[in-house]
Structure formats: structure tokens, C-alpha cells
Amino acid sequence: MAIAVIAIVFGYAGLGLLVAIPMCLVGLGRLDPAAAAGTWGFRVLSIPGVMVLWPVVLGRWLKRGKA
């Protein structure tokens, strides 16, 4: 049971990292115009937050892309 929980947590974190990297390189500026002028430090610091909230962030990014 513990191995399954650990696998789920690492899988979630892995998917979060896959979303966070392109989000920090391209998507932040598209979601928030103020973030477009953000420094690389800001983008690196936003990676853990995007990893945790990746379903919400990805949903908003995709929704913004359709508009």
C-alpha cells in the first residue's frame, strides 16, 4: 500500500514537472501579463507552485489558449 502511495505521489510530481517547465518558459506570460516581465529567478521560484497546482494551471493555460 505504501509503495502505491509513493508511486502516485512521484507520478503526480513528475507530471507536475512536465507541466511546470514549459509553463515557466512560455505559459506564465500568457496567463498573466505582469508575469511576462518576470525575471528568471521568478520563473524558477514558480516551478514548485506549478508542480503542486499543475491540473489547475494546465486547465487555465489550455482555456486561455482557446480564447
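Leucine 15 is found in helix H1. In this predicted model, leucine 15 has a relative accessible area of 42%. That value falls between the 20% and 50% limits, so the residue is classed as partly exposed. Leucine 15 and valine 50 are 35 residues apart along the chain. Their C-alpha atoms are separated by 10 Å.

The chain as a whole is helical in its assigned secondary structure, with four helices and zero strands. Its pattern along the sequence reads α-α-α-α. The C-alpha trace spans about 45 × 30 × 10 Å along its principal axes. Of the 67 residues in the chain, 21% are buried. Contacts with a separation of 6 or more were also examined by sequence distance. Within that set, 64% join residues 24 or more positions apart.

One helix pair was examined in detail. Helix H1 covers residues 2-31, and helix H3 covers residues 40-52. The two pack at an angle of about 145 degrees. Their axes lie 8 Å apart. The crossing of H1 past H3 is right-handed. On the H1 side, the contact is formed by Tyr12, Ala13, Gly16, Leu17, Val19, Ala20, Met23, Cys24, Leu25 and Leu28. These residues meet Trp40, Phe42, Arg43, Ser46, Ile47, Val50, Met51 and Val52 of H3. By residue class, the contact of H1 with H3 comprises 15 nonpolar residues, two polar and one charged.

Helix H3 is not straight throughout. A kink of about 30 degrees lies at serine 46. The kink comes shortly before proline 48. The buried residues of H3 are Arg43, Ser46 and Val50. Each of these three also appears in the contact with H1.

Serine 46 itself was considered next. Its relative accessible area is 15%. This is under 20%, and serine 46 is therefore counted as buried. The serine 46 side chain reaches the backbone oxygen of arginine 43 at 2.7 Å. With neighbours within four places in sequence left aside, serine 46 is in contact with Cys24 and Leu28. Both of these partners belong to the H1 side of the contact between H1 and H3.

Leucine 45 also has its place in helix H3. Its relative accessibility is 70%. Because this is over 50%, leucine 45 counts as exposed. Leucine 45 and cysteine 24 are 21 residues apart along the chain. The distance between their C-alpha atoms is 9.4 Å. Cysteine 24 is thus tied by contact to serine 46, and by this C-alpha distance to leucine 45.

Helix H4 comprises residues 54-66 and contains tryptophan 61. Tryptophan 61 has a relative accessible area of 18%. The cut-off for burial is 20%, so tryptophan 61 is buried. Residues up to four places away in sequence were not counted among its contacts. On that basis, tryptophan 61 touches Pro22, Met23, Val26, Gly27, Arg30 and Leu31. Tryptophan 61 and glycine 27 are 34 residues apart in sequence. In space, the two are 6.8 Å apart, C-alpha to C-alpha. Met23 is touched by tryptophan 61 and is also listed in the contact of H1 with H3.

Note on methods: Residues numbered from 1 in each chain as written. Predicted model: local features only at pLDDT ≥ 70, side-chain atom pairs only at ≥ 80, totals over all residues. Heavy atoms only, no water. Axes fitted to C-alpha atoms, helices over the stretch in contact; angles between N-to-C directions. Left-handed = near helix turned anticlockwise from the far one by under 90°. Contact = heavy atoms within 4.5 Å. Nonpolar A, V, L, I, M, F, W, Y, C, P; charged D, E, K, R; others polar. Bend = angle between axes of the 7 residues up to and from the residue. Buried < 20%, exposed > 50% of the residue type's maximum accessible area, 1.4 Å probe, protein only. Polar contact = N/O pair within 3.5 Å; in protein donor to acceptor, adjacent residues only side chain to side chain.
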